[in-house]
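Please open the model in your viewer and keep the selection tool at hand. The stops below go from one selection to the next, with a note on what each one contains.

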Amino acid sequence: MTTTDTPGPGTAPEITGASIRLDGVTKRYRGQTEPAVAALDLTIEAGEIVTFVGPSGCGKTTTLKMINRLIEPSAGRIFIDDRDITRENPDKLRQSIGYVIQSGGLFPHWSVERNVGAVPRMLGWDRARIAERTEYLLDLVGLDPEEYAKRLPRDMSGGQQQRVGVARALAADPPVLLMDEPFGAVDPMTRVRLQDSLLEIHQELRKTIVIVTHDFEEATKLGDRVLILSKGGHVEQFATPAEILANPATDFVADFIGSGARLAQLTFTRVRDVQIDPVVTARVGESSAEVTARARAARTRWVTVLDRHGRPIAWPNLDEIAAAPEIAPFVEPRLPVVAPSSTLHDALDEMLAARQNGALVTTVGGKLVGFVGFRTVVETLRNQLDEAYPDEQAYADFVEATDEGAG
Ligand SMILES: Nc1ncnc2c1ncn2[C@@H]1O[C@H](COP(=O)(O)OP(=O)(O)OP(=O)(O)O)[C@@H](O)[C@H]1O
């Protein structure tokens, strides 16, 4: 058994999101001399992910919360598709916009399924439809419905609670999802998995998603376009990550992205955009001789051992396999695994943490896709830098020399 499927371009799913347009939107808080957001114009296309980033107090959250009217604009209008939502009933409006906050915001004494079904129940859906939708959504966010539907949030990790928060926000199939620092409260590894999961969900559903973050790297990873704000909700730049890095519009933006611009190239290239190599797989209990023959035929010394669900559990070489007649249930405490939507930055991080020269690629559901090598990542970065900074020949020469030195 050899896994050879690499993710193809496929057919893009239908966009189910709606456009969002802010027209001269201003927010003045009582008692403040300056507006928190002043005459902001902004158009977000249907189906795109836009991230808001900028220093503390620049008006990111205020802008986000005006879109679902948790904060009322002092002036200006906001349109979702062609509806002027500043004239709509705010409670009704909020039932049609998904909203995710940092700590998940779940009702702690409600089971997962009750939390996820909250808005559909309010909308009067029947039980069967709510149950079906809940099962679909838990599956979508990577939680086994059988295991988690009846659990209470307090018996789950922060990352799992956040997954439930996303499922709940999507329950009534809203065209727009607003997220305020959604991954701010989880550890860095969980954060990467949640980001990847969100990108996979977005690929499937194509909602319009607006995310507030204070982390520029997260903003470039998640955003099709990034909105960089300065004090008073002033737009410094609104563009794709690549455009921002190549041509910072203002000194503020240049300072904001700082000296990490070259490495930041790694944050907007995805694993699925680079070469993913096939791997040889084996199941526990298979004959070691047969697996070895398969690996030799595929000209590799590494075999990926899968559990009964088809998820990789270990990555032994042929010498380790040869130690027993059958494939043993090897345990690899630190198997480097990334998702197709992971950035090359995440992939390098995984490889370095596991001290490996590559990582396995799996979908968020755990299905094995293939292998991405350290060399592939470095070469991709080098090509990108050559394109982005054509005058920096010395850098390319340096990498060349280092590469040769490393043999
Ligand atoms: N309820 C409020 N009353 C008065 N002023 C407020 C209120 N909420 C926010 N502000 C002020 O409005 C400005 C913008 O705040 P906002 O929370 O939108 O910024 P932010 O960019 O999201 O910041 P952070 O990254 O720290 O969350 C800040 O100066 C803040 O102090």
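Which residues are buried in α1? Bear in mind that this is a predicted model, and begin by selecting residues 60-67, the span of helix α1. The buried residues there are Lys60, Thr62, Thr63, Leu64, Met66 and Ile67. Because six of the eight residues of α1 are buried, the helix is largely enclosed by the rest of the structure, where buried means under 20% relative accessible area. Beyond the helix, pick out arginine 69, which follows α1 and has a positive phi, near 60 degrees.

Next, select the ligand and display the residues around it, among them Lys60, Thr61 and Thr62. The other residues around the ligand are Tyr29, Gln32, Ala36, Pro55, Ser56, Gly57, Cys58 and Gly59. Sorted by class, this shell holds four nonpolar, six polar and one charged residues.

With the ligand still selected, turn to its individual atom pairs. A backbone N or O atom of glycine 57 lies 2.8 Å from an oxygen atom of the ligand, and a polar backbone atom of glycine 59 is 3.0 Å from an oxygen atom of the ligand. For tyrosine 29, look instead at the side chain, where an N or O atom is 3.4 Å from a nitrogen atom of the ligand. On its own the ligand has 640 Å² of accessible area, of which the protein covers 58%.

Now move along the chain to strand β14, residues 312-314, and select alanine 314 within that strand. Is alanine 314 buried or exposed? Its relative accessible area is 1%, so alanine 314 counts as buried, given that the cut-off is under 20%. Add glutamate 326 to the selection: this residue is 12 residues from alanine 314 along the chain, and their C-alpha atoms are separated by 15 Å.

For the next stop, select residues 331-387, which the UniProt record, an unreviewed entry, annotates as "domain: CBS". The end C-alpha atoms of residues 331-387 lie 42 Å apart, and the span is 42% helix and 23% strand.

Finally, select helix α16, residues 374-388. At 1.5 Å a residue, the 15 residues of α16 should span 21 Å, and this agrees with the model because the end C-alpha atoms of the helix are 21 Å apart. To finish, colour the buried residues of α16, which are Thr376, Val377, Thr380, Leu381, Arg382, Gln384 and Leu385.

Methods. Residues numbered from 1 in each chain as written. Predicted model: local features only at pLDDT ≥ 70, side-chain atom pairs only at ≥ 80, totals over all residues. Heavy atoms only, no water. UniProt positions renumbered as here; feature names shortened; annotations may be inferred. Helix = DSSP H or I, 4+ residues; strand = E, 2+ residues; numbered from the N terminus. Near = heavy atom within 4 Å. Polar contact = N/O pair within 3.5 Å; in protein donor to acceptor, adjacent residues only side chain to side chain. Areas by Shrake-Rupley, 256 points an atom, 1.4 Å probe, with all protein chains shown as cover. Nonpolar A, V, L, I, M, F, W, Y, C, P; charged D, E, K, R; others polar. Buried < 20%, exposed > 50% of the residue type's maximum accessible area, 1.4 Å probe, protein only. Expected span 1.5 Å × (residues − 1).
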